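Hi,

Here is the structure I promised to pass on. Have a look at it first, and then read my notes underneath.

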Amino acid sequence: SSGINAVCEKQWYQRRVRGRKGGSAVPVEELRELLVSSMQTTIALTALVEQQTQKISDITDFVDQAKEEIQAMKGTIDAMAADDKAQKQIEELGGKLAASEEKMVKEMAALKESLPQKPRKKDVLIVSGEEELREPACARVCAGTTVRSATNWVDYSTNGIYTDVDISKCGFVTVPTVTTSLEGSTSHWGTTGSSEVYSVTTSIFRIYLVAPGGRGGGANKMHWNVEWIAVGYTC
């Protein structure tokens with residue numbers, strides 16, 4: 001910048017000299033003005049250079065910071081990529097484990113089927129019935145009661161009562177074999193007919209009692225009820 005000022009001052013001085021007639025000397029006042037102007041120009045250029053230097057410094061700091069952030073982002077990306085790879089490996093191992101487990105289950109099932117089966121002991125064996133015998137696996141035992149104080153006793157003749165017993169929930173498809181008894185709180189020991197079963201079907205049967213004291217609601221007051229067991233086929 002000082003070299004530029006010197007050139008400018010020299011050119012200005014030459015113009016001033018040529019402009020004067022007879023080549024008279026430049027006044028001192030003009031030289032002072034020239035000096036002040038040169039100093040002001042130098043100061044302005046120096047300030048401009050300082051501003052540009054500061055901008056360059058700021059840009060350099062920004063670039064350095066950007067480089068650090070980019071490096072950090074790259075590290076994060078690499079870590080994420082490593083996590084994805086690990087996750088993929090875990091998923092692959094999980095798939096292989098599931099396949100191995102499925103294969104093992106199938107092999108165990110095949111092995112179990114290949115072993116000789118011990119004949120299953122029949123829980124219910126029906127040796128005779130009202131109808132033709134069926135597949136033993138279809139045999140069923142079903143039991144119940146007409147419930148204390150809630151049995152539907154009906155007066156019959158002059159000294160008897162009867163009740164119809166519902167066995168439809170057993171699901172019999174053939175007439176079952178039925179065994180009955182009379183349960184209560186008192187006096188039922190003196191009755192007759194509690195084990196005599198009438199008109200058995202797949203869904204109902206009837207019991208008659210000779211029991212004068214049970215008429216007119218007396219049977220329910222004494223908690224008389226029919227307890228029964230039925231054995232038959234359900235398929």
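**The disulfides**

Looking along the S-S bond between C138 and C235, the torsion comes out at about -105°, so this disulfide is left-handed. Before I go further, please keep in mind that this is a predicted model. The sulfur atoms of C138 and C235 sit 1.7 Å apart, S to S. This pair links distant parts of the chain, 97 residues apart. C138 is in the loop between α2 (28-114) and β1 (139-145), while C235 belongs to the segment after β7 (225-233).

Are the two ends of that link buried or exposed? C138 has a relative accessible area of 10%, under the 20% cut-off, so that cysteine counts as buried. C235, on the other hand, has 43%, which falls between 20% and 50%, so C235 is partly exposed.

How many disulfides are there in total? The count comes to 2, and the other one is formed by C142 and C170, with their sulfur atoms 2.0 Å apart. Here C142 lies in strand β1 and C170 in the loop between β3 and β4 (177-183), so the pair ties together parts that are 28 residues apart in sequence. The torsion about the S-S bond of C142 and C170 is about -75°, so this disulfide is left-handed too. As for accessibility, C142 is buried at 14%, and C170 is buried with a relative accessible area of 2%.

If you number the bonded cysteines along the chain, the disulfides follow the pattern 1-4, 2-3.

**The sheet**

Next, have a look at the open sheet of 4 strands. Its order is β2-β3-β6-β5, and the pairing is antiparallel. Why do β2 and β5 each have one side without a neighbour in the sheet? Both β2 (154-156) and β5 (197-198) stand at the edges with a single partner strand each, so one side of each is left free of a neighbour in the sheet.

For β2, that partner can be followed residue by residue. β2 pairs with strand β3 (residues 160-166) in the antiparallel sense, over 3 bridges. If you want one spot to click on, try V154, which stands opposite Y162 in β3. As a general reminder, strands of a sheet pair through backbone hydrogen bonds, either parallel or antiparallel.

Strand β3 also comes up in both parts of these notes: β3 is in the sheet order, and the loop that holds C170 runs between β3 and β4.

Cheers

Notes: Residues numbered from 1 in each chain as written. Predicted model: local features only at pLDDT ≥ 70, side-chain atom pairs only at ≥ 80, totals over all residues. Heavy atoms only, no water. Pairing = 2+ DSSP bridges. Helix = DSSP H or I, 4+ residues; strand = E, 2+ residues; numbered from the N terminus. Disulfide = S-S within 2.5 Å. Buried < 20%, exposed > 50% of the residue type's maximum accessible area, 1.4 Å probe, protein only.
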